[in-house]
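Thank you all for making time this morning. I would like to walk you through one structure, starting from a single residue and working outwards, so please have a look at it first.

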Amino acid sequence: MTDPTSQEPNEKTILFATDLTARCDRPLDRAIQLADEWDAKLVLLHVLESQSDTPENIAAAEARVRQDIEDAGIKFEIDIAQGKVAETVEAKAAEYDADLIVTGVARFNTFGDFVLGHEVDKLIRKTETPVLIVKSKPRAPYQQLLVTTDFSKPSQNALETALDLFADLPVDLVHAFHVPFEGFIKAKDALDEVRAEQGEYADKFIKRLELDPDNHKRLTLKLLADGTTCEAVTGHARTLKNSLTVVGTHGRTGIRAAMIGSVAEALLEALPGDVLMIRGAKKARKKAKETGGTRLSQLA
């Protein structure tokens, strides 16, 4: 393993967590595509949960990972680690100062629904690094971002982070809202009034971002009043081609850290394509990048 501090100052690092099964093919293909597009370094991490694994087992795991990546034509590094999976992936993301963690789902059932998997579920509830959960076969690069917002600080962080990571993509900024008591008042009047109110909130939210003109031009605001938040966002996502949906989760600490938010959780389950989950504060990650990140020796 090479020194994680050896990367170029502005070089992105993608951490791909693999369990060496066929279900990792989709996320691996997406990780390779992003590493090529960003000219980033791809770190392929496999975690052995048994502390008693022999050097032969470690060497065999490295050989299997290398077989999947050596002809990809990108900068890569292989890391075979030992420990608990979610905790080790989180620590390695800090060690490499990763900009993105890429992972997949545990399996798809007979109805096409996915099962996230216990370790990935734990990871997205704890890590400060954005986690890209790949569901779809990557037939093409992402062409569009769909960023959900409720005008909160977590959704602001998600938008700012997505703009930084995917610097050239157009963004649909989607806010779903509900018209209260719509059964008791004229539906169109109520919708127009609430939409105007939500538009004012959106304007204040966008002003708070202090975006430069180029990033501001990338945004298209979508105010949706079609069913629940999950139904509205999922319905809009189905109209987009080769899109990535970005969801900000609650960055709580302590006993509430296990919660990612009921809407975020429902979206993760319902959305038809890949989902980028963002929990950590953008400024904290930027500071870590500027200072060289956090080493494992500091976490011990």
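Let me begin with Leu45, which counts as buried because its relative accessibility is 1%, where buried means under 20% relative accessible area, exposed means over 50%, and partly exposed is in between, with a 1.4 Å probe and protein chains only. Before I go further, please keep in mind that this is a predicted model, in which local features need pLDDT of at least 70 and side-chain atom pairs count only at pLDDT 80 or more, while totals for chains, interfaces and linings use all residues. Residues are numbered from 1 along each chain as its sequence is written, and side-chain values use heavy atoms, with hydrogens and water left out.

Leu45 lies in strand 2, and here helices (H or I, at least four residues) and strands (E, at least two) are DSSP runs, numbered from the N terminus. Which residues does Leu45 touch, if we do not count those up to four places away in sequence? With contact meaning heavy atoms within 4.5 Å, the partners of Leu45 are Leu15, Phe16, Ala17, Thr18, Asp79, Ala81, Val89 and Lys92. Leu15 is 30 residues from Leu45 in sequence, yet their C-alpha atoms are 7.0 Å apart in space.

Let us now step back to the sheet. It is an open sheet of 10 strands, in the order 3-2-1-4-7-12-11-8-9-10, with mixed pairing, and two strands pair if DSSP finds at least two bridges between them. Strand 3 (75-82) and strand 10 (219-224) stand at the edges with a single partner strand each, and therefore one side of each has no neighbour in the sheet. From one strand to the next, the twist averages 25°, given that axes are lines fitted to C-alpha atoms, for helices over the stretch in contact, and that angles run from 0 to 180 degrees between N-to-C directions. Helix 2 (residues 55-69) packs on this sheet, where it touches strand 2 (41-48) and strand 3, and its direction makes about 155° with that of strand 3.

Next comes strand 8 (residues 144-148), which is largely enclosed by the rest of the structure, because five of its five residues are buried. In a regular strand the side chains alternate between the two faces of the sheet. In strand 8, Gln144, Leu146 and Thr148 point one way, Leu145 and Val147 point the other way, and all are buried.

What are the bridge partners of Val147 in strand 11 and in strand 9? In strand 11, the partner is Val246, and in strand 9 it is Leu173. Strand 8 runs parallel to strand 11 (residues 243-248), joined by four bridges, and it also runs parallel to strand 9, again with four bridges. Between strand 8 and strand 9 the chain passes through helix 5 (residues 153-165), in a β-α-β crossover that is right-handed, meaning that, with the strands pointing away from the viewer, the path from the first strand over the helix to the second runs clockwise. Strand 9 (residues 171-176) is in turn joined to strand 10 by six bridges, and these two run parallel; one of the paired residues is Asp172, whose bridge partner in strand 10 is Thr220.

Finally, the chain as a whole has 11 helices and 12 strands, and of its 300 residues 49% count as buried.
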